[in-house]
Each structure stands twice: as structure tokens, then as C-alpha cells.
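User: I have a model open and want a quick walk through it. Can you take my questions as they come?

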Amino acid sequence: TRVGPIVHTVVVIGGGQAGLSAAYHLKRRGVDFVVLDAAPAPGGAWLNRWESLRIATVNGIFDLPGFPKPPLDPAEASRVAVPRYFADFEKASDLPILRPVRVTAVRPGPEETLIVESDRGQWSTRAIINATGTWTNPVRPHYPGQETFAGIQLHTQEYVSAGALAGLRVAVVGGGISAVQQLEEISQVAKTFWYTRREPVFKDLGEFDGSGIIAKVVADVEAGNPTGSVVSYTDLAWTPYALAAKERGALERRPMFTAIEPHGVREADGTFTAVDAILWATGFKADLRHLDPLHLRNERGGIQMIGTQVAADPRIHLIGFGPSQSTVGANRAGREAVNTLLRKVLTHV
Ligand code: FAD
């Protein structure tokens with residue numbers, strides 16, 4: 001039994017790309033800190049990616065700071081290759097990372113401190129950098145009759161590979177990159193039906209405007225608007241897998257169905273389509289439930305941000321959040337959070 005919490009100047013919560021980037025910069029700047037990561041091993045959410053998501057089909061993995069990626073085999077599963085790279089980075093960087101430690105709550109402590117509670121004890125700190133990602137908070141929309149469905153329902157989070165759906169009639173719901181990738185795979189072995197709320201917009205790879213998408217998310221978080229899943233912001237690109245799906249006829253999109261019945265879905269036009277499985281490729285949202293005791297959300301459910309800092313509390317940074325939900329964004333956000341904390345909060349470290 002421990003007497004009182006362990007004290008560190010900064011606690012980083014989460015050890016994926018964002019948390020590792022923050023840790024690298026904290027160490028470089030000589031700040032006393034610890035990283036608490038719920039995962040059993042290095043790799044962040046990459047540990048959980050579906051088996052058929054290869055290095056060739058990911059959007060691109062940005063380098064961790066000061067540690068270029070080795071050449072990766074395009075055919076290798078990303079859930080093997082990326083965690084191996086992260087593990088090598090951690091070994092080379094000698095960072096204080098504790099695993100597995102799941103943070104359950106962060107509360108205000110005495111004298112402007114924050115108390116970080118976990119399943120493995122408590123920490124007291126002057127600031128937190130939250131980097132818990134989105135994988136553990138899948139967006140699961142609800143439609144009337146859903147509980148009566150007799151077939152299989154799964155979310156991208158539970159998808160492993162198309163094999164389990166072979167020979168079935170499968171409704172794929174969602175307008176993001178994961179939906180298109182999974183449609184492409186499943187349509188090779190099953191009859192697919194694609195449902196999205198909005199007409200998906202595909203751009204040629206050359207015209208794809210990542211910075212325009214990021215600017216929209218920045219505008220939302222700086223206005224304190226609740227940010228949806230990244231899926232709701234992403235345009236789609238005519239990647240080789242998207243073109244393959246199109247050729248197979250799998251990208252003929254239907255408007256969202258209105259209800260679910262035991263053996264299928266009720267289409268927007270009132271007709272019935274029999275399906276055996278529904279794949280919810282409806283994305284993920286930031287998992288910040290452990291921050292609830294800090295009451296960061298406004299009445300709209302959003303958290304107003306200035307860069308990586310929570311606007312109302314300079315001790316709290318959220319990275320891999322909003323516009324930094326990409327490997328490149330996570331990397332930059334880690335550095336920005338450390339620089340801003342040193343400038344505004346840890347001025348005499
Ligand atoms: P994560 O990698 O999710 O790491 C979060 C870590 O925090 C995990 O280790 C988790 O265990 C831990 N954690 C969670 N809750 C707690 C808690 N309460 N206490 C302690 N630890 C906790 N981006 C790209 O740039 N290129 C791509 O190709 C790409 N492909 C993607 C494919 C999919 C299917 C998805 C969903 C996303 C993809 N992204 C991609 C986005 C990308 O994954 C993320 O932006 C980035 O990798 C996330 O890094 P992160 O550190 O923010 O989060």
C-alpha cells in the first residue's frame with residue numbers, strides 16, 4: 001500500500017504516436033514526467049488494426065521524432081510493423097513509460113495540482129498531456145429496430161478480415177476511409193450494400209486537400225464546437241483500393257436506411273433489403289471520459305481549444321485530438337503541447 005500519490009511535473013496519458021512525441025520533447029527539455037499507457041505493449045491503436053490493413057493500404061505513417069522509420073514491407077500487416085517500429089523507438093529513447101496503466105479519472109488536487117487516478121495507483125502533477133486516442137470510443141449510431149436484428153452486427157473496431165463475412169449479404173455503413181477499405185475487401189467475398197448519410201465525395205489523389213480538412217476541424221475546436229468522428233470531415237481519395245471497389249460495383253452508394261428489421265434493413269424509399277450482417281464503419285471519437293471530473297465540456301458538449309491547450313485551463317493539453325488526429329498531427333501536437341506548457345505553466349522547471 002502506497003502513502004499518497006507519486007509526484008511528477010507532467011503526466012502524459014496514453015503512449016501512442018501522440019504520447020510518445022510529447023514524451024520525447026519533455027525528455028529533451030529536461031522536464032520530470034511519466035507516461036501512463038493502458039496498452040500491454042508499444043504501438044498505440046496500431047496494435048488493434050484489422051489484420052488485412054497492410055503497410056501498402058495505410059494512409060502513411062509519419063516518423064516518430066528523431067527516429068526515421070526503417071524501410072517497411074508493403075505486404076506486412078500494419079498491426080505488426082508499426083508496433084515494432086514504436087518499440088524500437090522506445091528502446092532507443094529510454095522514456096519513462098508505465099504499462100499497462102489505465103487512467104480512470106483526473107481530478108483537481110490541492111494547490112493547483114491535478115490528481116491522476118488509475119487502476120495501478122495515483123499520481124499528483126502540475127499538468128497533463130492527454131493522448132488517449134479514439135480507438136476505445138467507437139461511434140455506434142442507433143437505428144429503430146436495431147435490437148431485433150437476427151444477423152451479425154460489428155463495428156470497424158471488431159472487424160478482423162473479410163473471411164468471417166464470406167458468402168453473406170453485408171450492409172456497410174459509413175462514408176470514411178475505413179468504410180471504403182472494408183467494402184473493397186468484403187465485396188470480393190460477399191454481396192455488399194453501401195449506406196452513407198451524405199453523398200461521398202471522391203477526389204483524385206492529386207487534388208486531395210488534407211490541409212483544407214484540418215482547417216475545418218481547427219475552426220470547430222477553437223469555437224468550442226463538439227467535433228464528430230474524423231469520418232465526418234474526411235474527403236475520400238481515388239486510391240487503388242477505391243478504384244478496385246468501384247470497378248467491382250461496390251461503391252454504388254445508397255442513402256442511409258431508416259430502420260433495421262430482423263432480417264434486413266428498410267431503405268429510405270420504403271423498400272426492404274435482406275441482409276445477414278451490418279458493419280458499422282462509422283468511426284471513432286476522442287475517448288476523454290476520465291477527464292469528466294474536470295468539467296471541460298461546454299453546454300454544447302464541445303471543449304474549446306487554443307492549439308493543443310484547453311482554452312479554460314493551461315495545465316491541460318489534448319493531443320491526437322481534433323485536428324491532430326493523424327500520425328503527422330499527433331507528432332506536431334506533442335511538440336506544441338510541451339513548448340506551450342513550458343512557456344505558460346512550467347516557467348521555472
Ligand atoms: P492511439 O494510437 O490510439 O494511442 C492512444 C494510447 O492511449 C493507446 O496506447 C491506448 O491504450 C492509450 N489509452 C487510451 N485510454 C487510456 C487511459 N484511460 N489510460 C491510459 N492509456 C490510455 N493516421 C495516419 O496518419 N495514417 C494512417 O494510415 C492512419 N490510419 C488509420 C486507420 C484507422 C482504422 C484509424 C481508426 C485511424 C487511422 N489514422 C491514421 C489515425 C491515426 O491512427 C491516429 O491519428 C494516430 O495514430 C493516433 O495516435 P494517438 O497517439 O493519438 O492515439
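Analyst: Here are a helix, its neighbour and the ligand shell, in a predicted model.

User: Start with H3. Is it mostly covered or exposed?

Analyst: Mostly covered. Helix H3 spans residues 177-186, and 10 of its 10 residues are buried. Among them are Ile177, Gln181, Glu184 and Ile186.

User: What covers those buried residues?

Analyst: The cover includes strand E8 (169-173), strand E9 (191-196), strand E11 (236-237) and strand E16 (277-280). Helix H5 (240-247) is also part of it.

User: Stay with H5. At what angle do H3 and H5 pack?

Analyst: About 50°, with their axes 9 Å apart. An angle between 35 and 65 degrees counts as oblique, so H3 and H5 are oblique to each other. H3 passes H5 in a left-handed crossing.

User: Which residues in H3 and H5 meet?

Analyst: From H3, Val180, Gln181, Leu183 and Glu184. They meet Tyr241, Ala242, Ala244 and Ala245 in H5. The residues of this contact divide into 6 nonpolar, 1 polar and 1 charged.

User: New topic, the ligand. How many residues surround it, and which are the closest?

Analyst: 35 residues surround the ligand. The closest are Gly14, Gly16, Gly44, Gly133 and Gly320.

User: How does that shell divide into nonpolar, polar and charged?

Analyst: The shell around the ligand has 14 nonpolar, 17 polar and 4 charged residues.

User: Which helices each supply at least two residues of the shell?

Analyst: Helix H1 (17-28) and helix H6 (327-344) each do.

Conventions. Residues are numbered from 1 along each chain as its sequence is written. This is a predicted model: local features need pLDDT of at least 70, side-chain atom pairs count only at pLDDT 80 or more; totals for chains, interfaces and linings use all residues. A residue is buried if 20 or more other C-beta atoms lie within 10 Å of its own, exposed if 12 or fewer, and partly exposed in between; C-beta atoms are placed from the backbone. Helices (H or I, at least four residues) and strands (E, at least two) are DSSP runs, numbered from the N terminus. Two residues are in contact if their C-beta atoms, placed from the backbone, lie within 7 Å. A residue is near a molecule or strand if its C-beta atom, placed from the backbone, lies within 6 Å of it. Ala, Val, Leu, Ile, Met, Phe, Trp, Tyr, Cys and Pro count as nonpolar, Asp, Glu, Lys and Arg as charged, and the others, Gly among them, as polar. Axes are lines fitted to C-alpha atoms, for helices over the stretch in contact, and angles run from 0 to 180 degrees between N-to-C directions. Angles under 35 degrees count as roughly parallel, over 145 as roughly antiparallel, 65 to 115 as roughly perpendicular and the rest as oblique. A crossing is left-handed if the near helix is turned anticlockwise from the far one by less than a right angle, and right-handed if clockwise.
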